[in-house]
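Here is a quick tour of one protein chain and the ligand that goes with it. Have the viewer open and follow along.

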Amino acid sequence: MKFFIDTANMEEIKEAYSLGIVAGVTTNPSLVAKEKNVSFPDRLREITDLVPGSVSAEVIALDAEGMIKEGKELAAIAPNITIKVPMTPDGLKAVHAFSKEGIKTNVTLIFSANQALLAARAGATYVSPFLGRLDDIGHNGLDLISTIAEIFAIHDIKTEIIAASIRHPQHVTDSALRGAHIATIPFKVIKQLFNHPLTDKGIEAFLADWNSRS
Ligand code: E4P
């Protein structure tokens with residue numbers, strides 16, 4: 001499983017990318033809205049200048065024609081832009097049009113296996129099931145990852161599964177076990193992945209022993 005970072009914040013992207021573990025970036029309108037005094041295209045230029053992997057940029061239009069127009073403008077910013085499209089009939093019409101033009105797509109707001117299957121058949125490069133938001137309503141987001149992974153394996157579907165709406169480190173481990181190809185993770189959770197009290201304790205003990213040499 002690969003790691004993407006789920007943010008539009010440049011400091012977070014730079015810091016996470018410098019760790020050598022980030023293969024791509026996902027943004028969404030809410031994350032972009034948190035970034036003040038920078039236009040969306042400018043921010044996408046900054047991100048794609050740094051990160052060579054997939055950078056998801058979401059369209060705002062809700063009709064297929066509008067999504068296609070917006071998506072083409074976003075895709076023209078850099079070759080590694082992936083157009084993020086919501087899981088709706090119009091969204092899938094746009095995905096189909098993008099796939100015919102070789103533009104990569106990430107179908108977002110996936111909450112069922114049928115939605116993932118529809119998106120894959122429309123030609124989506126990625127589908128993004130939202131774990132945390134399913135857990136929030138008492139469903140099991142991880143079971144959805146397993147179901148999608150199983151269906152895609154049975155039918156030899158190449159669309160990749162991005163585990164999204166990740167809330168804590170256990171979501172990351174479990175997404176990997178359940179067959180997600182990628183987890184897109186907020187910076188706060190990426191930092192948590194590094195931590196273990198025994199690592200800190202071990203470093204402290206090694207240093208103390210080293211410094212006590214006579
Ligand atoms: C995925 O691409 C989305 O940007 C994201 O993971 C949504 O997460 P949230 O439910 O924490 O907003």
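## The overall picture

How many helices and strands does the secondary structure of the protein chain come to? The tally is 11 helices and eight strands. Keep in mind that this is a predicted model.

The C-alpha trace of the protein chain spans about 75 × 40 × 30 Å along its principal axes. Of the 214 residues in the protein chain, 39% are buried. As for contacts between residues at least 6 apart in sequence, 54% of them join residues at least 24 apart.

## Lys84 and its surroundings

A good place to zoom in is Lys84, which carries the annotation "active site" in an unreviewed UniProt entry. That label comes from the record, and such annotations may be inferred rather than shown by experiment. In the model, Lys84 sits in strand E4, residues 81-86.

Is Lys84 buried or exposed? Lys84 has 25 other C-beta atoms within 10 Å, and 20 or more is the cut-off, so this lysine counts as buried. Leaving out residues up to four places away in sequence, Lys84 touches Asn28, Ser56, Ala57, Glu58, Val59, Asn106 and Thr108. Asn106 is also the residue that stands opposite Lys84 in E5.

## From E4 to E5 to E6

Strand E5 covers residues 105-110, and five of its six residues are buried, so E5 is largely enclosed by the rest of the structure. E4 and E5 pair in the parallel sense, with four bridges between them. To get from E4 to E5 the chain crosses through helix H5 (residues 89-100), and this β-α-β crossover is right-handed.

Next along is strand E6, residues 126-129, which runs parallel to E5 and is joined to it by three bridges. Here Val107 stands opposite Val127 in E6. The chain goes from E5 through helix H6 (residues 113-122) to E6, in a β-α-β crossover that is right-handed.

## Around the ligand

Which residues are around the ligand? They are Asp6, Thr26, Asn28, Thr108, Ser128, Phe130, Gly132, Arg133, Ala164, Ser165 and Thr184. By character, this shell divides into seven polar residues, two nonpolar and two charged.

Two names in that shell should ring a bell: Asn28 and Thr108 are around the ligand, and Asn28 and Thr108 are among the residues that Lys84 touches.

## Loops worth a look

Asn37 has a positive phi of about 60 degrees, although it is not a glycine. Asn37 lies in the loop between helix H2 (29-33) and helix H3 (40-50). With 5 other C-beta atoms within 10 Å, Asn37 is exposed.

Asp156 is another non-glycine with a positive phi, in this case about 50 degrees. Look for Asp156 in the loop between helix H8 (141-154) and strand E7 (160-163). Asp156 is exposed, with 6 other C-beta atoms within 10 Å.

Finally, Arg167 is in the loop between E7 and helix H9 (169-178). Arg167 is partly exposed, having 17 other C-beta atoms within 10 Å. Arg167 and Val189 are 22 residues apart in sequence, and their C-alpha atoms are 7.0 Å apart in space.

Notes. Residues numbered from 1 in each chain as written. Predicted model: local features only at pLDDT ≥ 70, side-chain atom pairs only at ≥ 80, totals over all residues. Helix = DSSP H or I, 4+ residues; strand = E, 2+ residues; numbered from the N terminus. Buried ≥ 20, exposed ≤ 12 C-beta atoms within 10 Å, placed from the backbone. Contact = placed C-beta atoms within 7 Å. Pairing = 2+ DSSP bridges. Right-handed = clockwise from strand over helix to strand, strands pointing away. Near = placed C-beta within 6 Å. Nonpolar A, V, L, I, M, F, W, Y, C, P; charged D, E, K, R; others polar.
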